[in-house]
Amino acid sequence: MSSLVFFEASARLGSFTKAAKELCVTQSAVSKKIGLLEESLGFELFAREPRQLILTEAGEEFYNETKSVLHQMYESINRIKRYADTNTVTITCTQAVSHYWLFPRITRFNLKHPDIAINIYASNAITEATCAQFDLGILNGTDDWKADFHSHLLFFERIYPICQYEYPIDKLLTPEEILDQKLIHLDPSDWKWPTWIDWFASFGIEFKIPSNAQLFNQVTLALEASRQGMGIGLGWEFMTEQMLDRHELKRVSDAFYAPNMADFLVYRKSRELSDAAKIFRDWLLEDVSESQGEAITLDGFSSNLS
């Protein structure tokens, strides 16, 4: 590993002397270390020119791999450090879930447990593999990861058409009537979750996005466009509840699309949660149960899927 560190610094800085200064060793120590590494690998990493250090083609490829390995090691060490801090809990979820659903709950949790820090890592590319890197994760799907994760149902997906509260619509519309309205679209080429195409299809209506449609690649952008009065968009129930209560948005129709998906709190079976993570997990599930008026169960999810 020390040879890789010496090599990475030399390749990045283009100089054994600069690498030695950064690593607080002598230039000859760096040069010797690189020589031993090249001997071990069986190929040259650098073309040694006067006053210039140039990566060979093999060296360039090896440098890219080395950066990846060292970065992964750095991230792993940070994850282990975070886990070692018993008063810190890490949770990963999508950007929309973190912003619209999780943040308000963490605020309330911190009032009751100010000594526990909740760190959120938001990504729309969330997978089972990324969830395994953190204490907790929120995954969207059909709960088919139960072999590796403990799993708790949080909420079902329901998608309503929504618009700005003052938008000039004074009655609830049918899906057919919504077809004639100005719609805000999520770009299906850059968005893996439901769009207007799926929403209309659930009511037996074939729909194509017009060539001149307003397209957004993030649901947060499309939702903000609706809130600003730019047209009618799709609003996930978990995202829009507070904006509906504050009269920032209103529903355009009582009709909703309920894909066979739900969001679950997950965590690995292979590692026990810290006490702080258990406290947050239990608080979060209790909060969800109270907000639903009753405990939600997987039996309800199964019937929803059927």
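Which strands does helix 11 lie across, and at about what angle does helix 11 run to strand 6? The close-ups below, all taken from a predicted model, start with that helix.

**View 1. Helix 11 on the five-stranded sheet.** Helix 11, residues 275–292, lies across strand 3 (88–93), strand 4, strand 5 (136–141), strand 6 and strand 12. Relative to strand 6, helix 11 runs at about 30°. The sheet underneath is an open one, with 5 strands in the order 4-3-5-12-6 and mixed pairing. Its edges are strand 4 (117–122) and strand 6 (149–156), each of which pairs on one side only. Ignoring direction, neighbouring strands in this sheet are turned by 25° against each other on average.

**View 2. Strand 12 and its two partners.** Let's zoom in on the strand listed between strands 5 and 6 in the sheet order. Strands in a sheet pair through backbone hydrogen bonds, in either a parallel or an antiparallel way. Here, strand 12 (residues 262–268) pairs with strand 6 in the antiparallel sense, over 7 bridges. Two of the bridge partners to look for are Leu 265, which goes with His 152, and Phe 264, which goes with Leu 153. Strand 5 also pairs with strand 12 in the antiparallel sense, this time over 5 bridges. On that side, Asn 140 has Asp 263 as its bridge partner.

**View 3. Strand 12, buried or exposed?** Side chains in a regular strand alternate between the two faces of the sheet. On one side of strand 12 sit Ala 262, Phe 264, Val 266 and Arg 268, and on the other Asp 263, Leu 265 and Tyr 267; all are buried, with both faces covered. With 7 of its 7 residues buried, strand 12 is therefore largely enclosed by the rest of the structure.

**View 4. A three-stranded sheet with helix 9 across it.** This open sheet has 3 strands in the order 10-7-11, with antiparallel pairing. Strand 10 (233–236) and strand 11 (249–251) are at the edges and have a single partner strand each, so one side of each is left without a neighbour in the sheet. On average, neighbouring strands here are turned by 55° against each other, direction ignored. Strand 7 (residues 159–164) pairs with strand 10 in the antiparallel sense over 4 bridges, and Pro 161 has Leu 234 as its bridge partner. Helix 9 lies across strand 7, strand 10 and strand 11, running at about 45° to strand 7.

**View 5. Helix 9 meets helix 10.** The axes of helix 9 (residues 219–227) and helix 10 (residues 237–245) come within 12 Å and cross at roughly 25°. That angle is why the two helices count as roughly parallel to each other. Their crossing is right-handed. Helix 9 brings Val 219, Leu 223 and Arg 227 to the contact, while helix 10 brings Met 239, Thr 240 and Met 243. Sorted by class, that's 4 nonpolar, 1 polar and 1 charged residues.

**View 6. Helix 1 against helix 2.** Over at the start of the chain, helix 1 (residues 2–13) and helix 2 (residues 16–23) have axes that come within 8 Å and cross at roughly 125°. Helix 1 is therefore oblique to helix 2. This crossing is right-handed. From helix 1, Val 5, Phe 6, Ala 9, Ser 10, Arg 12 and Leu 13 meet Phe 16, Lys 18, Ala 19, Glu 22 and Leu 23 of helix 2. By class, this contact has 7 nonpolar, 1 polar and 3 charged residues.

How values were computed: Residues numbered from 1 in each chain as written. Predicted model: local features only at pLDDT ≥ 70, side-chain atom pairs only at ≥ 80, totals over all residues. Heavy atoms only, no water. Pairing = 2+ DSSP bridges. Axes fitted to C-alpha atoms, helices over the stretch in contact; angles between N-to-C directions. Contact = heavy atoms within 4.5 Å. Parallel < 35°, antiparallel > 145°, perpendicular 65-115°, else oblique. Left-handed = near helix turned anticlockwise from the far one by under 90°. Nonpolar A, V, L, I, M, F, W, Y, C, P; charged D, E, K, R; others polar. Buried < 20%, exposed > 50% of the residue type's maximum accessible area, 1.4 Å probe, protein only.
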